[in-house]
Structures are given as structure tokens and as C-alpha cells.
There are 2 protein chains.
Amino acid sequence: MTGRDGGADLVAIEPSPVVILVRPQLAENIGAVARAMGNGGLFHLRIVAPRDGWPQARAWRMASGANRILDAATVYDTVPAAVADLHRVFATCPRPRHIIKPVLTARGAAAELHAIGARRLRAGVLFGPERAGLDNDDIACADSLIRYDLNPGFMSLNLAQAVMILGYEWFIAREAEAAPRQFQTNEARIADKAELENFMAHLTRACDASGFLKNPQKRPGMVRNLRHFFQRGEVTTQELNTLHGIISELSRPR
Amino acid sequence: MTGRDGGADLVAIEPSPVVILVRPQLAENIGAVARAMGNGGLFHLRIVAPRDGWPQARAWRMASGANRILDAATVYDTVPAAVADLHRVFATCPRPRHIIKPVLTARGAAAELHAIGARRLRAGVLFGPERAGLDNDDIACADSLIRYDLNPGFMSLNLAQAVMILGYEWFIAREAEAAPRQFQTNEARIADKAELENFMAHLTRACDASGFLKNPQKRPGMVRNLRHFFQRGEVTTQELNTLHGIISELSRPR
């Protein structure tokens, strides 16, 4: 089931979603991910805080020729930085965590990714580190969750396998792309994650100043919950401006 | 996207098709295959002529707890021996090879595997060695081909990834299993591969004796073509008996 085809011709099939590896441990796995991305026609790879630094020759050795994907990969310190220019972020997450977010199968997410691309919005998918998976703060950066329909009796899914399944579904679903769905009007522009982050910072500062977040033990969870809430649907830049205005207004010294 | 769940509870979800690795090179890949099988709810593993022998501790180290699958794996010298007790055999094959056999996608094959299981027939899927893939003689042992719908610009598919995609589709398609389809009647029994092999041996002996296969350069291809022909549909034991009778009759000294 292998072939000798190199990856010299690998290019992005646009609109190709971004694969974001969060704190990956083994460079070999990053290389294996690139290979799986090549199989699935994915191209854009971002790496958040790789344990052993970047670049690593071991990744290229494991990529079986998907070098262009690794050559073009970019590295970030944090998940918010890695998703700043994206409009929609998905998080792969094996278990439900009592979070109110849409949960999609890989197949459903693939259809959604194509629909997002057809609207010329940029999407990314977060994959957690090899053992622990994504933590709550990572997941708080996502709009939707992806849960794979796989044997619940054996959940240990290799990182490259997780990327492979998404890439496989994405490649199969590319036919559906031809039919564009809902487009935003010219008036409304979907905020990207950096704009949302800017708003969240504003909101958090205001909450801190007001004493709303004064309990240091409860603060992280409360901030996360706020983040979940504001990520639930697509927020337009106009809506964000309005929300900024409300916070500024409410937090003015009285 | 990983978890800490061990594989201590791994059992076969029947009717679980057999994964048959043909001449695999790296024991690590056999272990990674077992892990992917665990994810997809597959259990039965057969290994044909592993390059480095069997068992190999490296396989268990790569299996992330799918030990039961490796413990239960069986080893064979040849593909015909590995498929002898099966009724339907699929071969994963990245490129069409001018062979007249049904070609299925992974998704189509998964549905077919469930339909076969619902009829209480045993099925297996052949996966070739890491670099070369299955050769023509291997493919001649199969009834149908499976061709994955993946990026044709980057065909280098890891062995465990190939098994993962099949297992993933098989696990998703398990719902369809509830509705049984066509059953054979009590009178007709589908021949297993050993019975078919026995017939092929009879046919080949008769052809050799008659001089039909006397050109040594053409012989392998001709035998393979005969094998392709007789594998095209399911053959019942009654039909095989009839064919045996015809050959015996035709090859009687006159």
C-alpha cells in the first residue's frame, strides 16, 4: 500500500485547512504527520512549542518525501498565536469534557472545513501532544470539537493516525466543495482569532479591574468559561466593536 | 488525540475481518498496525513471511498496549496458506494493474466486509510490504481490490496508516451490520480458499499434463490469469466439484 512517489510536487490544495500540532514531543511524529498530510492533500502545518525544538532532522527522515510540508511549517509559542489569523478552529478531543461546544465526527468536520473554505474563511485543527492530549486552555481556543468514531475500548490513537483520518476524510469530501453554501454579506466580516483574542484581553482586564475575577483559584476556570462562551458562534468584527464599547463603557471609573 | 487506555480488554468484535500483512519488513510497523487495528476494532492479524522473523519485541513496544492482537497473531509461509480458510479476500493496491477484478474504495470495502460477515463468511484483507506493495501473485489470491481515495500526487502511504483507514471505515460501518443481506441457502456452500486452491492445483496439473502450459516463460502469467478468472465471483463447493469432475474427465488418458 505504499508507493515510490516523492513529494517534489506537493502543493497546497486550497482552501486547505491548517494542521496545528500543540506541544508535540517526538520529531518523528511531526514527520509522520507531514507524510499523512501529503496523503490527504493537506499542506499547512503549524507547530506550537515543540518539546525538542525545531527544525529536527528526524522529522524529515520520517516524512517519506513530504519535505515541502515540513519546509513550510511555522512555529509558535502559544496556541492563541498559532490561531490568530484563523476564523474557525477545531480541536480534536477523544472525550467529552462537559464543554458546551459543537462536537463533530471527522466526516462531519471534513464537510464543515470545505464549507468554511468555500466562504474563503481560514480554518485550523488542533492536535494535542502524544500522551496527554489537548488541555482545557487549548480547547478553549477552539470553536468546535472533533471526536473520532473509533473503538472506545482502545483509545490510544497515534498522532499521525489522527491527522491521517482527518486528511482522508478531507480529501474524500473535496467534491462537495464545488457547491458553495452560505456566504457572508459584504457588510459583515467574521472576526479572526486575533481580533477575538484582543477582545478577550479587554474583557479580562475589565473583569480583573472590577474585582469580578478576584478569587485566584477560580479565575482560570472563569476566564476559560468566558472564552468558551465568546467562541461559540462566529463573531463579526462589528459585534466585537460593539462588545468592546460595552466593556469600555461599563468599566469607566464612576 | 491520544489516551491512556490500555488494551487489556481488547477482544474481537465479530465478524471481524482478518488483516494479513504480506512480507512486512519492519517489526515496528507490525506493532503500529496492531495499534491501528485496536483503534478500528479489528482483532485478527496474520503475517506472511515477515522479513525479520516472528515474534519481535519491537512490535510489542510499538503497539501501545494492543498486545492481545500481537499475542494472537499467526504466521504463514505463503499467501495461499494465510487465506486458506477465508471465503473472500481483498487486496489493497494503490494502482490499477490491468486486472479484471472489482475495485472498491475503503468505504465500499468496509460495507462489503460487514455484508460478508452478516452471511457468516470469513473475509481477509491483504496489505503488501512497505516499499514494493503486493506483487501480481499476491493480488491473484484476492477476489477484489481496495484502492484508497487519497492524494495521487503523494502515494507513499505508511503500512499502519493503510490499516488505520480500513479499520476506521470498518468501525464506522458497523451499524449497517444489523440488517442482514442475502444469505446463501442451505444447499449452496461458498468454497473457502483452500478448496479453491485445491481446484487450482488440479487444474494446473491437468493443464501441465496436457501441454497447455508448456511455454515456461508464459506459464506463470497464464496460471495467474486462470486464478483471476476462478476468483472473480464466489464459487460454491458444488460448482467446484463439478469443475473437478470436468477436469478429471477431460484429462483422462485416451
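Is Gly128(A) buried or exposed? At 2% relative accessibility, Gly128(A) is buried. Here buried means under 20% relative accessible area, exposed means over 50%, and partly exposed lies in between (1.4 Å probe, protein chains only). Gly128(A) sits in the loop between strand E6 (123-127) and helix H6 (136-140) of chain A. Helices (H or I, at least four residues) and strands (E, at least two) are DSSP runs, numbered from the N terminus. The C-alpha atom of Gly128(A) is separated by 5.0 Å from that of Val22(A), although the two residues are 106 apart along the chain.

The structure is a predicted model, in which local features need pLDDT of at least 70, side-chain atom pairs count only at pLDDT 80 or more, and totals for chains, interfaces and linings use all residues. Residues are numbered from 1 along each chain as its sequence is written, chains are lettered from A and ligands numbered from 1 in the order in which they are written, and side-chain values use heavy atoms, with hydrogens and water left out.

Salt bridges were then counted. A salt bridge is a side-chain nitrogen of Lys or Arg within 4 Å of a carboxyl oxygen of Asp or Glu. The count comes to 28 over all chains. One of them joins Arg88(A) to Glu112(A), at 3.4 Å from N to O. This pair links distant parts of the chain, 24 residues apart: Arg88(A) belongs to strand E4 (residues 88-92) of chain A and Glu112(A) to helix H5 (residues 106-118) of chain A. Arg88(A) is buried at 10% relative accessibility, whereas Glu112(A) is partly exposed at 27%.

Another salt bridge forms between Arg107(A) and Glu169(B), with the closest N and O atoms 2.9 Å apart. This pair crosses between chains, running from helix H5 of chain A to helix H7 (residues 159-172) of chain B. Its two ends differ in burial class: Arg107(A) is partly exposed at 28%, and Glu169(B) is buried at 2%.

In chain B, Asp137(B) and Arg224(B) meet in a salt bridge of 3.2 Å, N to O. Asp137(B) lies in helix H6 and Arg224(B) in helix H9 of chain B, 87 residues apart. Asp137(B) is partly exposed, at 46% relative accessibility. In chain A, salt bridges with shared partners join Glu28(A), Arg51(A), Asp52(A) and Arg58(A) into one network.

Asp137(B) also appears in the lining of the second largest pocket. On a 1 Å grid over the protein atoms alone, a pocket is an open set of points where a 1.4 Å probe fits, with protein on both sides within 12 Å along at least five of seven lines; lining residues have an atom within 4 Å of a point. The volume of this pocket is about 220 Å³. Grid points are joined across faces, edges and corners, and the volume is the space filled by probe spheres set on the points. The lining holds 14 residues, and Pro80(B), Asp137(B), Asp138(B), Cys141(B) and Arg227(B) lie nearest the centre. Two or more residues come from each of helix H4 (79-82), helix H6 (136-139) and helix H9 (219-231) of chain B. H9(B) gives the largest share, four residues.

Cysteine pairing was examined next. A disulfide is a pair of cysteine sulfur atoms within 2.5 Å. The structure holds zero disulfides over all chains. The sulfur of Cys141(A) is 14 Å from the closest cysteine sulfur, in Cys93(A), so the two are too far apart for a bond. Cys141(A) is buried at 6% relative accessibility. Cys93(B) is in no disulfide either, with the nearest cysteine sulfur, that of Cys141(B), 14 Å away. Cys93(B) is buried, with a relative accessible area of 3%.

Backbone geometry gave further local features. The peptide bond from Trp54(A) to Pro55(A) is cis, with omega near 0°. Pro55(A) lies in the loop between strand E2 (45-48) and helix H2 (57-62) of chain A. In chain B, the bond from Trp54(B) to Pro55(B) is cis, with omega near 5°. Arg23(A) has a positive phi, near 50°, in a residue other than glycine. Arg23(A) is partly exposed at 29% relative accessibility. Phi of Arg120(A) is also positive, near 60°. Arg120(A) lies in the loop between H5 and E6 of chain A, and is exposed at 72%.
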